[in-house]
Amino acid sequence: MADRVLRGSRLGAVSYETDRNHDLAPRQIVRYVSPNGHEFEVPFANDAEAPATWESPQGGLGKRVDGSEPEQKKTKPPRTHWDMLLERRSLGELEELLSERLELLRERRAEIA
């Protein structure tokens, strides 16, 4: 008889419990507005920190209605070739290399002329 009760059901895939007589976790509702003006709400747990932006169901990135702007990430200035060169050599070494290369170029030009 017990075999017939479970026939056709997927064990572990579906919960047969109901939400009756159970208290849900306390929640907070955070309102967002998308760039096209659509407002939507997202529930979060009371102890969760709601993000400043959230993906809108209509597409785009919605910002919080309460006005808190997302923090701008600090960006490093791009490293130039000169910056990378100065990490490897000092100015004195660079001046010495430059004078050596200029001397070689002058010798080649003297040979050609």
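The exercises below work through the fold, the nonpolar core, the aromatic pairs and a surface patch of a predicted model.

**Exercise 1. Describe the secondary structure of the protein and the order of its elements.**

Solution. Begin with the inventory, which comes to three helices and four strands. Then read along the sequence, where these elements follow the pattern α-β-β-β-β-α-α. Finally, set beside this the contacts between residues at least 6 apart in sequence, of which 16% join residues at least 24 apart.

**Exercise 2. State what share of the residues is buried, and identify the residues of the largest nonpolar core.**

Solution. Of the 113 residues in the protein, 9% count as buried, and the protein exposes about 10700 Å², with carbon and sulfur atoms supplying 53% of that area. The largest nonpolar core has six residues, namely V30, Y32, F40, V42, F44 and A50. Two elements, β1 (27-33) and β2 (39-45), each give two or more residues to this core, and β2 gives the most, with three residues. To see how one member is placed, take V30: leaving aside residues up to four places away in sequence, V30 touches F40, E41, V42, F44, A50 and R64. As a general background, nonpolar side chains in soluble globular proteins tend to be buried together.

**Exercise 3. Classify the ring pair formed by F44 and W54, and explain why it ties together separate parts of the chain.**

Solution. The count of aromatic pairs comes to three. For F44 and W54, the ring centres are 5.3 Å apart and the planes stand at 90°, and because an angle over 60 degrees counts as edge-to-face, the pair belongs to that class. F44 lies in strand β2 and W54 in strand β3 (residues 53-55), so the pair ties together parts that are 10 residues apart in sequence. The two partners can next be assessed for accessibility: F44, at 13% relative accessibility, counts as buried, whereas W54, with a relative accessible area of 33%, is partly exposed. Ring pairs also link Y32, F40, F44 and W54 into a cluster.

**Exercise 4. Locate W82, decide whether it is buried, partly exposed or exposed, and name the surface patch that includes it.**

Solution. W82 is found in helix α2, which covers residues 81-88. Its relative accessible area is 46%, and since partly exposed residues fall between the 20% and 50% limits, W82 is partly exposed. Not counting residues up to four places away in sequence, W82 touches L91 and L94. Together with L86 and L91, W82 forms a nonpolar patch on the surface, and the three residues have about 300 Å² of accessible area together.

Methods
Residues numbered from 1 in each chain as written. Predicted model: local features only at pLDDT ≥ 70, side-chain atom pairs only at ≥ 80, totals over all residues. Heavy atoms only, no water. Core = buried A, V, L, I, M, F, W, Y, C linked by side-chain atoms within 4.5 Å. Buried < 20%, exposed > 50% of the residue type's maximum accessible area, 1.4 Å probe, protein only. Contact = heavy atoms within 4.5 Å. Patch = residues over 30% accessible without salt bridge, like charges linked within 9 Å, V, L, I, M, F, W, Y side chains within 5 Å. Areas by Shrake-Rupley, 256 points an atom, 1.4 Å probe, with all protein chains shown as cover. Salt bridge = Lys/Arg side-chain N within 4 Å of Asp/Glu carboxyl O. Phe/Tyr/Trp six-rings, centres within 6.5 Å; stacked < 30°, edge-to-face > 60°.
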